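Visitor: I have a structure to go through with you. Could we take it piece by piece?
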Amino acid sequence: MIAELGLASLWLAAALAVLQLVAAGLWLRGKSEALGGVIRPVAVTQGLLALLAFAALVLLFCRTDLSVKLVALNSHSAKPFIYKLAGTWGNHEGSMLLWVMVMGLAGGFVALVERRLSDRMLAATLGWQAFVSLGFYAFLLFSSNPFERLDSAPPEGQGLNPLLQDIGLAFHPPTLYLGYVGLSVAFSFAIGALVTREVGPAFARAMRPWVLGAWIFLTIGITAGSYWAYYELGWGGWWFWDPVENASLMPWLAATALLHSVSVLAARDALRAWTVMLGVVAFSMSMVGTFLVRSGILTSVHAFAVDPERGTFILALLAINIGGALALFGLRASSVTEGKRFAAVSREGALVLNNVALSAILGIVLFGTLYPLLAEAMGAKVSVGPPYFNPMSALFAVPMLLVLAVGPLLRWKTDRLARIRWEIVVPVLIGIAAAIGVAAFARINVLPWIGLALAPMLAVASVLPLRGRNPRRTPFAVWGMVVAHFGIAVSLFGMASESAFSQEKLVAARVGDSVEIGPWHVTLRAVQPVAGPNWTALEAVLDARYAGNAAQTVRPQSRNFWAPPQQTSEAALHTRWNGQLYAVLGGEAPLASGAKPGDARWQLRLWWKPFAPLIWLGGGLIALGGLLALIGRVAADVRRLVAKDKIAWRRMRQGR
Amino acid sequence: MNAPAPPPRRWVIWLPLILFAAFVALVLVGLFRPAPREVESAMIGKPLPQFALRPATDIRPGLETADFRQGRPRLLNVFASWCVPCAVEAPQLAELARRGVPIDGVAIRDRKADVEAFLARHGNPFDRIGADDVSSVQMGIGSSGVPETFVVDGKGVIRYQHIGEIRKEHVPLLLEKLRQAE
């Protein structure tokens, strides 16, 4: 019954999306006055029905109802509960359902609370939102029905990819999806603004919380995903410029640019067409990312998500939504007036530089990600890696970070650099000192060197906007900006330090052997078998001493899952304030000929990564900054609404 | 004052759409290209490198390049007793052997007792098994993991590479590739 209930509510939700689209279209064309009133309630109901469908699927997974095909294919009764739950969205159909559910709820929420925009613009926004959702509803209902039943239920499910049985991964995709869907709302606002030609500060203020929210989730998703790849894949790296990682990075870059340009539009009514364009691009990048991941068109470590047919479907959606939006942009953009002007040296000017740099990096990443495909179409096989991405993106990232140090200190509209020279002199001196110090004491590559010099400079510069302010009166948005920019400095320092100072050792050790790595002295004490709920593993017990301190025990494992059979290595991490020890057990080394049994040697891979955890700590700070800004903006909106209501009530009471 | 905006910027507005159309065209080509999308060995179409591996077991002889130049296509299976998917593909290899396909094995970083135990447990479809203790042959033929299976024609030229375990649905594909290699 539950599966049928879920399917029924999915169909109803899709039907309401059709109504929402048609009603908005007819009302906007002035065909029917009555239909205008149904748009908001329909949007809310559609969201609730999608939620009901998703709840039904969650329930099916929690009960491991094997008569449902999706559950039988992706779950297993022996799986821990949390992974049964995560199994709901750990597969294609479930994740698409999650997508439409969040999208429906977001549309419903807009319909419920948004009062600043004109009715026309809201109708256009919700109509477009319904149009985009409809594509996904069609996708679910016609080609990947999550509620499909099997004729006879199998005795046991087929498990879940063991690489995916990890708490980080259980929540990584939904986080990214929330980000993508938030951008879909921004996208719908952009289209609404284009359709009604109301591109202005009101539009920017309505769109900003959604962009901020989406951006926070994307930041968390990327940070968590990077940490997941770091400890789960056991390769010791934290960013591989893998197509799937790029797929999540590109929307983030676009959203970051959008976040900054929308502030300009909200505060100064400038960058109108550009902001609309970024709204379209940000969501396009989400869809392009989803497409690249799901279609398997690019070879990647995330190959578990692959299916060419689905790729074609997503491509069709992509072509309709984005192609349509860009065509509309082409037709309407010339009628969007330019907006207010500003001097080159001004807050706006700095934000424009930020936008240009972010867009350039976005272009570089997109090109690098697609280049293998392009080359293949020409008949050559290539893969593009860090040697392309690192220097090319640094080419724009470094100037952008320099502007970041100065921009927040500048005034809107017009300013002179001479005015802030005494403020920026401190961070600049610190940066120069760091550059000289690092160059004098360590021989490292040029990119990490630049990073190590920029990071302290940025750290100081990022807190300068607080100078002379009363901390209690400082708006949350300013705190948010400061924290996020400081987070960038922290993360940059972690990246540069990890890249410059990491040490790696690969050894074949007998039990009792010791290895020196950086300041660590690591002893292999034992190798023992251990068993988990659905895996067995060999576990190495390592005693690790930092510079003669007391021993810490770390336990890397080499795990064997049995449903489906697969081997993974669980890295063991030991974190100190100044870095991380990273240990991987590779397995038993082959015995040399003539060796006695009992001479067994074990492959151990050890890394010492100074300050590496700062990479993700910085990511967390960036997200926290976003959260502070979001709280500030939303609180201000709520206060404004309350004040308006009070005035309206007083007027009513006074009989005016 | 109300002179219309100069037109040169007009085309810039359409640039995103043009770029997007190019993207769609590119991925369409990618999606419908008939070739398989896995990382293929650059060795396909090239002769096997020279090697001579000592026997991995007492029950089968070792393996060398000359064994593949006897005029008939053969399968070269890269496996290891410590690899779980290799056990999964054993029934399919047995099926291929039953249909008369000659199969040779390369055991990667393995021990004699372990290989023999593996063969005793999962069956032995191999004519010869060479021991590759340092993965030199594996690297030489462009294989990046176990299990992998190569179709080698009668002149010792690599014709096809199958990455990962052979599942039931792959058996007809491999038979077809062997036929093409005749």
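**A helix, its core and its contacts**

Guide: This is a predicted model. Helix α12(A) bends by about 40° at L370(A), and the proline P372(A) follows within four residues.

Visitor: What distance separates the end C-alpha atoms of α12(A), and what span should its residues give?

Guide: The end C-alpha atoms of α12(A) are 44 Å apart. The helix has 31 residues, so at 1.5 Å a residue it should span 45 Å, and the two values agree.

Visitor: Now the contact between the chains. How many residues come from chain A and how many from chain B?

Guide: Chain A gives 28 residues to the contact and chain B gives 21. On the side of chain A that touches chain B, the elements giving two or more residues are α10 (272-295), α11 (308-332), α12 (347-377) and β7 (565-570).

Visitor: Which of these provides the largest share of that side?

Guide: That is α11(A), with eleven residues. By residue type, the side of chain A that touches chain B divides into 17 nonpolar, ten polar and one charged.

Visitor: On to the interior. Which residues touch the most other members of the largest nonpolar core?

Guide: The largest nonpolar core has 187 residues, and A186(A), V211(A), A254(A), A255(A) and L458(A) touch the most other members. Helix α8 of chain A, residues 201-232, gives the most to this core, with 17 residues.

Visitor: And A255(A): what is it in contact with, leaving aside neighbours within four places in sequence?

Guide: A255(A) is then in contact with L183(A), V211(A), A214(A), W215(A), L218(A) and A282(A). There is also a second, separate core of 35 residues, which includes A107(B), V115(B), F150(B) and I166(B).

Visitor: Different topic: P155(A). Is this residue buried or exposed?

Guide: P155(A) is exposed, because 8 other C-beta atoms lie within 10 Å, and a residue counts as exposed at 12 or fewer. P155(A) lies in the loop between α6 (119-143) and α7 (167-196) of chain A. From P155(A) to K340(A) there are 185 residues in sequence and 67 Å in space, C-alpha to C-alpha.

Visitor: Last, the domains. Where do domain 1 and domain 2 of chain A fall?

Guide: Domain 1 covers 416-502 + 616-656, and domain 2 covers 503-587 + 599-611. Their C-alpha centres lie 38 Å apart.

Visitor: How many residues of each are in contact with the other?

Guide: Six residues of domain 1 of chain A are in contact with seven of domain 2 of chain A. The domain 1 side of that contact divides into two nonpolar, three polar and one charged.

How values were computed
Residues are numbered from 1 along each chain as its sequence is written. Chains are lettered from A and ligands numbered from 1 in the order in which they are written. This is a predicted model: local features need pLDDT of at least 70, side-chain atom pairs count only at pLDDT 80 or more; totals for chains, interfaces and linings use all residues. A residue is buried if 20 or more other C-beta atoms lie within 10 Å of its own, exposed if 12 or fewer, and partly exposed in between; C-beta atoms are placed from the backbone. Two residues are in contact if their C-beta atoms, placed from the backbone, lie within 7 Å. Ala, Val, Leu, Ile, Met, Phe, Trp, Tyr, Cys and Pro count as nonpolar, Asp, Glu, Lys and Arg as charged, and the others, Gly among them, as polar. The expected span of a helix is 1.5 Å times one less than its number of residues. The bend at a residue is the angle between axes fitted to the seven residues ending there and the seven starting there. A nonpolar core is a set of buried Ala, Val, Leu, Ile, Met, Phe, Trp, Tyr and Cys residues joined through C-beta atoms within 7 Å. Domain bounds come from an automatic or database domain assignment.
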